[in-house]
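Subject: A structure for you to look at

Hi,

Here is the structure I promised to pass on. Have a look at it first, then read my notes below.

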Amino acid sequence: MFFDNYFTSICLLEKLKLENIFACSTIRSNRKGIPPLSRDKTLDRSMFDFKTSRLGITVYKWKNNRIVHLASNFHNVEENNVLRTNMLEQKKKNIKYPSIICDYNKYMGGVDC
């Protein structure tokens, strides 16, 4: 199940996992129960931080053009890479992102911040 940040909470993801329903979502940074992650200013583009609870809920903070928070009760912390061209410098660069981003974009049509 994939949904956006309006509906997401850590408690909901835990309850869904107990019912064997896998869920993935963006999550608002001020939701109750989100563990402390890296400060926004310490993350450069394509960097991410994550924490996994003892119940297997993983919360991610990823910086692309903006900071995006995601939560999942079934994703692990695999990384993917994509080659992007910097238009100003005309150089190609590998951008890292967690695999949850690829799945969320595939099933929701894009990350909404």
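Phe2, Phe22, Phe74 and Tyr107 come together in one aromatic cluster. Keep in mind that this is a predicted model, so treat what follows as a reading of that model.

Let's zoom in on two members of that cluster. Searching the whole structure turns up 6 aromatic pairs. In one of them, the ring centres of Phe2 and Tyr107 are 4.9 Å apart with the planes at 25°, so this pair is stacked (the cut-off is planes under 30 degrees apart). The pair also ties together distant parts of the chain: Phe2 sits in strand 1 and Tyr107 in helix 2 (residues 99-108), 105 residues apart. Are these two buried or exposed? Neither label fits: Phe2 counts as partly exposed because its relative accessibility is 23%, and Tyr107 is partly exposed too, at 49%.

Another aromatic pair, Tyr6 with Phe7, is edge-to-face, with 5.2 Å from centre to centre and 90° between the planes. Both of these residues are exposed.

Now for the sheet. How are the strands ordered? There are 5 of them in an open sheet, running 1-2-5-4-3, and the pairing is mixed. Strand 1 (2-3) and strand 3 (48-52) are at the edges; each has a single partner strand, so one side of each has no neighbour in the sheet. Strand 1 pairs with strand 2 (residues 24-26) in the parallel sense, over 2 bridges, and Phe3 stands opposite Ser25 in strand 2.

While you're at strand 2, click on Cys24, which is located there. With a relative accessible area of 0%, Cys24 is buried (the label needs under 20%). Leaving out residues up to four places away in sequence, Cys24 touches Met1, Phe2, Phe3, Ala71, Ser72, Phe74, His75, Ile100 and Tyr104. So two members of the aromatic cluster, Phe2 and Phe74, are among the residues that Cys24 touches. His75 is worth a click as well: along the chain His75 and Cys24 are 51 residues apart, yet their C-alpha atoms are separated by 8.0 Å.

Last stop, a hairpin. Strand 6 (residues 79-86) and strand 7 (residues 91-98) pair in the antiparallel sense over 8 bridges, with Glu79 opposite Pro98 in strand 7. Between the two strands of the hairpin there are 4 residues, and Gln90 in the turn has a positive phi of about 55°.

Cheers

Technical notes:
Residues numbered from 1 in each chain as written. Predicted model: local features only at pLDDT ≥ 70, side-chain atom pairs only at ≥ 80, totals over all residues. Heavy atoms only, no water. Pairing = 2+ DSSP bridges. Phe/Tyr/Trp six-rings, centres within 6.5 Å; stacked < 30°, edge-to-face > 60°. Buried < 20%, exposed > 50% of the residue type's maximum accessible area, 1.4 Å probe, protein only. Contact = heavy atoms within 4.5 Å.
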